[in-house]
Amino acid sequence: MRKIVVSEFVSLDGVMENPQWTVQFRSEETKQFKFNELKASDALLLGRETYVNFAAAWPNMIEQEGEYGQMMNGYPKHVISTSLEKVEWNNSSLIKGNIMEEISKLKQQPGKDILVFGSCSLVQTLMQNDLIDEFRLMVFPVVLGNGKRLFGEGVDKKVLKLAETKTFGSGVVILTYHPE
């Protein structure tokens with residue numbers, strides 16, 4: 001069975017929104033980690049807002065981002081939205097019906113991991129429905145004070161088991177958790 005892997009950039013105070021604040025911490029280590037993570041997957045699961053932002057940016061970044069850009073543009077992208085009427089980015093499909101049923105079907109298909117980037121509301125819905133198999137939190141050494149939080153208001157208590165940690169020279173820490 002495929003795994004749903006939530007991979008997020010978060011600040012020390014849990015903010016994940018608009019991660020332009022991560023740029024100053026980019027390094028070869030973080031770039032290689034994200035490359036290996038994407039290579040271990042073969043599909044993306046995205047919420048509407050993240051999809052719209054990615055669809056506007058990634059088709060123009062293939063040459064600049066090399067193999068990573070090719071994977072981002074080539075992988076199947078499953079978009080969860082009740083408001084979008086169509087999705088036009090290469091290999092994108094829209095999921096509007098019974099979201100939990102459709103995601104469960106995706107997990108049953110053969111393949112590698114399904115990555116979720118950004119998509120805060122979607123991640124919170126997936127958490128509430130116990131559909132996340134792994135959390136990979138790339139924690140940046142910055143406190144933002146405000147913004148959308150990954151584990152914000154309305155998220156039910158979840159106990160997670162720490163599976164792995166990595167620390168990069170830039171001060172970025174990768175925390176990998178599995179639901180208990």
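Read from the N terminus, the elements of the protein follow the order β-α-β-α-α-β-β-α-β-α-β-β-β, which amounts to 5 helices and 8 strands. The model described here is a predicted one. The radius of gyration of the protein is 16 Å, close to the 16 Å that the globule rule gives for 180 residues, so the protein is as compact as a globular protein of that length. Taken along the principal axes, the box filled by the C-alpha atoms has dimensions of roughly 40 × 40 × 30 Å. Of the 180 residues, 44% count as buried, and among the contacts with a separation of 6 or more, 72% are made by residues 24 or more positions apart.

According to an unreviewed UniProt entry, residues 2-173 are covered by the annotation "domain: Bacterial bifunctional deaminase-reductase C-terminal". The C-alpha atoms at the two ends of this span lie 25 Å apart, and the span itself is 31% helix and 26% strand.

The strands are organised in an open sheet of 8 members, arranged in the order E4-E3-E2-E5-E1-E6-E8-E7 and paired in a mixed fashion. Strand E4 (92-95) and strand E7 (160-167) stand at the edges, and because each has a single partner strand, one side of each is left without a neighbour in the sheet. On average, and with direction ignored, neighbouring strands of the sheet are turned by 25° against each other.

Within this sheet, strand E2 (41-47) is paired with E3 on the one hand and with E5 on the other. The pairing of E2 with strand E3 (residues 77-80) is parallel and comprises 4 bridges; in this pairing Leu44 stands opposite Lys77 of E3, while Leu46 has Val79 of E3 as its bridge partner. The pairing of E2 with E5 is likewise made through 4 bridges between strands that run parallel, and here Ala43 stands opposite Ile114 of E5. E2 is mostly covered, since 6 of its 7 residues are buried. Helix H2 (residues 48-57) lies across E2, E3, E4 and E5, and its direction makes an angle of about 115° with that of E2.

In soluble globular proteins, nonpolar side chains tend to be buried together. In the present model the largest nonpolar core comprises 27 residues, of which Leu45, Ile103, Val116 and Leu126 have the most contacts inside the core. Two or more residues are given to this core by each of strand E1 (4-11), strand E2 (41-47), helix H4 (99-108), strand E5 (113-117), helix H5 (120-128), strand E6 (134-140) and strand E8 (173-179), with H5 giving the most, namely 5 residues. For Ile103, once the neighbours within four places in sequence are left aside, the residues in contact are Ile4, Leu45, Ile80, Leu126 and Leu131. Apart from the largest core lies another core, of 19 residues, which includes Tyr51, Trp58, Tyr75 and Leu84.

The contribution of H5 can be described further at the level of single residues. Cys120, Leu122, Val123, Gln124, Leu126 and Met127 are buried in this helix, and the buried residues of H5 pack against E1, E2, E3, H4, E5 and E6. Of these buried residues of H5, Leu126 is also one of those with the most contacts inside the largest core and is in contact with Ile103.

Two residues other than glycine may be noted for their backbone conformation. H5 is followed by Asp130, for which phi is positive and near 50°; Asp130 belongs to the loop between H5 and E6 and, at 58% relative accessibility, counts as exposed. For Asn91, phi is near 60°, again a positive value in a residue other than glycine. Asn91 is located in the loop between E3 and E4, and with a relative accessible area of 43% this residue is partly exposed.

Notes: Residues are numbered from 1 along each chain as its sequence is written. This is a predicted model: local features need pLDDT of at least 70, side-chain atom pairs count only at pLDDT 80 or more; totals for chains, interfaces and linings use all residues. Side-chain values use heavy atoms; hydrogens and water are left out. A nonpolar core is a set of buried Ala, Val, Leu, Ile, Met, Phe, Trp, Tyr and Cys residues joined through side-chain atoms within 4.5 Å. Buried means under 20% relative accessible area, exposed over 50%, partly exposed in between (1.4 Å probe, protein chains only). Contact means heavy atoms within 4.5 Å. Two strands pair if DSSP finds at least two bridges between them. Axes are lines fitted to C-alpha atoms, for helices over the stretch in contact, and angles run from 0 to 180 degrees between N-to-C directions. UniProt positions are given in the numbering used here, feature names are shortened, and annotations may be inferred rather than shown by experiment. The radius of gyration is taken over C-alpha atoms; the globule rule is 2.2 Å times the number of residues to the power 0.38.
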